[in-house]
Amino acid sequence: MKIIAVQYYQLKIPFKAPIQTSYGCLNDKYVDILVLVDEEGQIGLGELTALQHPDYIDEYLIGERQIIHNYLIPWLFQQSWATVEDFCLQMQKIRGHRMAKAAVEMALMDLQAKLAKKSLADYLPDSQPFLQPGISLGIETDLAKLLAKVDQAIAQGYQRVKLKIRPGYDYQPLAYIRQKYPDLCLMADANSAYQGQAQELKALDELALAMIEQPLAIDDFTEHAQLQRVLKTPLCLDENVRSLADLQTIVALGSAQVINLKIPRVGGLLNAQTMLKFCQENGLKVWVGGMYEAGIARAFHLHFAAQNHFSYPTDLAGFDHYFAEDIITEPIRMQSGKIQVPRSLGIGVHLDEEKIAKYCYQKQEFLAGKS
């Protein structure tokens with residue numbers, strides 16, 4: 001793969017409604033799109049999914065964008081890369097910044113598959129054509145409105161509901177949902193909100209939750225292990241999990257029973273595949289979380305989540321759960337309780353140029369041989 005140009009779009013896409021979590025309120029999704037162009041004119045599409053502020057993890061949009069612009073794009077131009085794996089070895093020179101690396105890896109994988117006239121699905125074992133997703137709901141203090149959202153999700157065919165929680169907003173809304181839906185796969189996502197208040201989670205044991213996700217600090221393993229020993233409800237780690245070494249620590253300490261595996265947070269699909277295998281070999285249940293992706297990353301992550309190796313439905317809902325419009329020509333939708341995995345070449349989707357123009361606030365082009 002000889003990359004001769006990179007088109008870089010910075011987009012701001014409004015959410016249909018604000019998303020309230022324990023660490024803040026999200027009104028828009030800032031999305032960076034990479035278009036790699038090779039010497040034959042073939043393109044590879046990637047998406048940077050990092051959030052605008054360093055409140056989910058320490059990686060955030062501007063920081064990851066700088067890594068892509070200052071290091072990864074110049075490296076792409078240095079030589080012809082035989083495989084994605086070759087460029088990933090080059091990226092190991094940079095410590096951390098996994099979300100930047102994942103965005104570029106995504107674009108290279110799309111390009112490599114297109115050049116081979118294959119779908120990304122052809123590179124993944126046991127890939128299924130459809131998957132049945134779950135859905136994630138933000139904090140909604142009006143319980144009637146919350147239950148209406150759950151009712152709508154169930155009617156649409158979503159197989160699992162995840163509710164964002166925080167101290168003071170946990171048992172009551174979850175119990176409200178559980179009372180109406182006693183058999184629903186229901187989970188809670190704390191986004192590290194219970195540091196110093198872990199005892200409040202004990203009451204949730206009676207609600208038969210599938211898991212409680214990330215209650216404590218994002219760099220803590222020992223206190224999660226202590227909490228797991230006193231809870232019947234399985235703990236799931238999300239922000240803690242960035243590498244294979246993190247998984248090894250979790251197994252050694254017993255910090256959790258479930259892993260939320262997000263491709264951007266672990267540095268790309270190749271790392272995610274290695275980590276998925278480790279989870280299978282070491283008795284950790286695993287499922288695929290989302291990052292409020294737009295269409296490029298959503299399609300890419302659907303390919304990964306469609307492998308027949310996951311314990312719970314993915315968080316990759318149809319685009320219209322979050323957005324009024326998406327940036328691809330055939331937005332990914334929920335139909336009859338299922339989402340179809342794109343099956344054309346590469347990732348399987350194409351940019352909607354009209355929507356790109358609508359939401360783009362800055363475009364840059366980088367050319368090989370030019371600083």
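This report describes the two sheets of a predicted model and the helices that pack on them.

**The antiparallel sheet**

Four strands form an open sheet in the order β3-β2-β1-β13, and their pairing is antiparallel. At its edges stand β3 (43-48) and β13, each of which has a single partner strand, so one side of each is left without a neighbour in the sheet. On average, neighbouring strands here are turned by 20° against each other when direction is ignored. As general background, the strands of a sheet pair through backbone hydrogen bonds, in either a parallel or an antiparallel arrangement.

Within this sheet, β1 (residues 3-21) is joined to β2 (residues 24-38) over 14 bridges in the antiparallel sense, and 7 bridges, also antiparallel, join β1 to β13 (residues 360-367). Particular residue pairs help to locate these contacts in the structure: K12 has Y30 in β2 as its bridge partner, V6 is partnered by F366 in β13, and Y9 stands opposite K363 in β13.

The chain beyond β13 includes K370, which lies in the segment after that strand. K370 is exposed, with a relative accessible area of 61%, and the cut-off for calling a residue exposed is over 50%. Although K370 and A5 are 365 residues apart along the chain, their C-alpha atoms are separated by 10.0 Å.

**Helices on the antiparallel sheet**

Helix α1 (residues 61-76) lies across β1, β2, β3 and β13, and runs at about 165° to β1. Helix α3 also packs on the sheet, where it touches β1, β2 and β3, and its direction makes about 155° with that of β3.

There is a kink of about 35° in α1, centred on I68, and I68 itself is one of the buried residues of this helix. The buried set in α1 also includes charged side chains, among them E64 and R65, alongside residues such as L72, I73 and W75. Together, the buried residues of α1 pack against β1, β2, β3 and β13 as well as against the helices α2 (84-91) and α3.

For α3 (residues 98-115), which has 18 residues, a rise of 1.5 Å a residue leads to an expected span of 26 Å, and the end C-alpha atoms are 25 Å apart, which agrees. Of the 18 residues of α3, 16 are buried, so this helix is largely enclosed by the rest of the structure. After α3 comes K117, whose phi is positive, near 60°.

**The parallel sheet**

A further open sheet contains 7 strands in the order β5-β6-β7-β8-β9-β10-β11, and the pairing is parallel. Its edge strands are β5 (135-137) and β11 (285-288), each of which pairs on one side only. Neighbouring strands of this sheet are turned by 25° against each other on average, direction ignored.

One of the pairings in this sheet is that of β7 (residues 185-189) with β8 (residues 211-213), which run parallel and are joined by 3 bridges. Here D189 has E213 in β8 as its bridge partner. Helix α9 (residues 269-281) lies across β10 (258-261) and β11, and runs at about 170° to β10.

**Strand pairings with bridge counts**

The table collects the strand pairs described above.

| Strand pair | Sense | Bridges |
|---|---|---|
| β1 (residues 3-21) and β2 (residues 24-38) | antiparallel | 14 bridges |
| β1 and β13 (residues 360-367) | antiparallel | 7 bridges |
| β7 (residues 185-189) and β8 (residues 211-213) | parallel | 3 bridges |

Key:
Residues are numbered from 1 along each chain as its sequence is written. This is a predicted model: local features need pLDDT of at least 70, side-chain atom pairs count only at pLDDT 80 or more; totals for chains, interfaces and linings use all residues. Side-chain values use heavy atoms; hydrogens and water are left out. Two strands pair if DSSP finds at least two bridges between them. Helices (H or I, at least four residues) and strands (E, at least two) are DSSP runs, numbered from the N terminus. Axes are lines fitted to C-alpha atoms, for helices over the stretch in contact, and angles run from 0 to 180 degrees between N-to-C directions. Contact means heavy atoms within 4.5 Å. The expected span of a helix is 1.5 Å times one less than its number of residues. Buried means under 20% relative accessible area, exposed over 50%, partly exposed in between (1.4 Å probe, protein chains only). The bend at a residue is the angle between axes fitted to the seven residues ending there and the seven starting there.
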